[in-house]
Amino acid sequence: MACILHIETSTKVCSVAVSQDGVCIYDQADKEGPNHATLCGVYVEEALSFAESHAIPLDAVAISEGPGSYTGLRIGYSMAKGVCYGRNVPLIALPTLEVLCVPVLLYHEEVEDNALLVPMIDARRMEVYAAVYDRALKPVRPVQADVVDGDAYREYLDRGPVYFFGDGSEKTKTVIRHPNARFIDGINPLGKYMFPLAERKFLRDEFADVAYSEPFYLKEFVAIKSKNPLTSL
């Protein structure tokens, strides 16, 4: 196992954590934001100081790569790359929507075995960034920018239970009324939820290029935007 610094800034929440050997040993999160520009550097410095005070060498930095807030992602990525360069450690990039699924899979036993998971990140009006996963986090449908209406996700809802969560799901409750729709409140992408995904990538040597890795927003959003324009968060 490894000691990994986790940085999550894709939404209004600013979150930093440290994991070692599959256990979260440091966690800081601000949910009153967005305060990324003020707090991200402070949290990262405190996290690194915590690890050093316990004589724990840093093995990697994991970043939540989006989709999400343009400004938040840029701040998080800049901080992560700075630590990687300064400490000569690799970078691990994690899809934010997968990070959102982790607390649902770990802590919500009511989720049926045949259920599909739809993590949502809020955009403007009735628009969200969303993907569809099964319980093994295998993508059933890739990330898209969706306009949510009464027929949204019907092809998946007709098959069985579908769980919606994330800060984009709250506004969809009054629109998606299918009997198979389930909603879980209070799910945020946080640094402390990143370590199961990050450690798996670390063990597989699945590292991002520190020089060229970019947030999902910058790397792939242009293709999505051409089909369904959204404004930045």
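**Exercise 1. A charged pair and its surroundings**

Arg154 has a relative accessible area of 37% in this predicted model. Place Arg154 in its exposure class, then find its salt-bridge partner and place that residue too.

*Solution.* Step 1: buried means under 20% and exposed means over 50%, so Arg154, at 37%, is partly exposed. Step 2: look for the partner, which is Asp151; the closest N and O atoms of the two residues are 3.4 Å apart. Step 3: with a relative accessible area of 54%, Asp151 is exposed. As an extra, turn to Glu170, Lys173 and Asp185, which are joined into one network by salt bridges that share partners.

**Exercise 2. Linking two helices**

Which parts of the chain does the salt bridge between Glu52 and Arg87 tie together?

*Solution.* Step 1: check the contact; the two side chains meet with an N to O distance of 2.6 Å. Step 2: locate each residue. Glu52 belongs to helix H1 (residues 36-53) and Arg87 to helix H2 (residues 70-87), so this pair connects parts 35 residues apart in sequence. Step 3: add the exposure. Glu52 is partly exposed at 46% relative accessibility, and Arg87 is partly exposed at 37%.

**Exercise 3. A strand and a loop**

Arg182 forms a salt bridge with Glu112; work out where each partner sits.

*Solution.* Step 1: the closest N and O atoms of Arg182 and Glu112 are 3.7 Å apart, and the cut-off for a salt bridge is 4 Å. Step 2: Arg182 sits in strand E10 (residues 181-184), while Glu112 sits in the loop between helix H3 (96-107) and strand E6 (116-122), so parts 70 residues apart in sequence are tied together. Step 3: both partners are partly exposed, Arg182 at 26% and Glu112 at 27%. To put these pairs in context, the structure holds eight salt bridges.

**Exercise 4. The two sides of helix H2**

How do the buried residues of H2 fall when seen down its axis?

*Solution.* Step 1: start with the length. At 1.5 Å a residue, the 18 residues of H2 should span 26 Å, and this agrees with its end C-alpha atoms, which are 26 Å apart. Step 2: list the buried residues: Gly72, Leu73, Gly76, Tyr77, Ala80, Lys81, Val83 and Cys84. Step 3: seen down the axis, they fall within an arc of 160°, so they line one face of the helix. Step 4: turn to the face pointing away from that buried side, where the exposed residues Ser78, Tyr85 and Gly86 are found. Step 5: follow the chain to Asn88, just after H2, which takes a positive phi of about 55°.

Note on methods: Residues are numbered from 1 along each chain as its sequence is written. This is a predicted model: local features need pLDDT of at least 70, side-chain atom pairs count only at pLDDT 80 or more; totals for chains, interfaces and linings use all residues. Side-chain values use heavy atoms; hydrogens and water are left out. Helices (H or I, at least four residues) and strands (E, at least two) are DSSP runs, numbered from the N terminus. Buried means under 20% relative accessible area, exposed over 50%, partly exposed in between (1.4 Å probe, protein chains only). The expected span of a helix is 1.5 Å times one less than its number of residues. The arc is that of the directions from the helix axis to the C-beta atoms.
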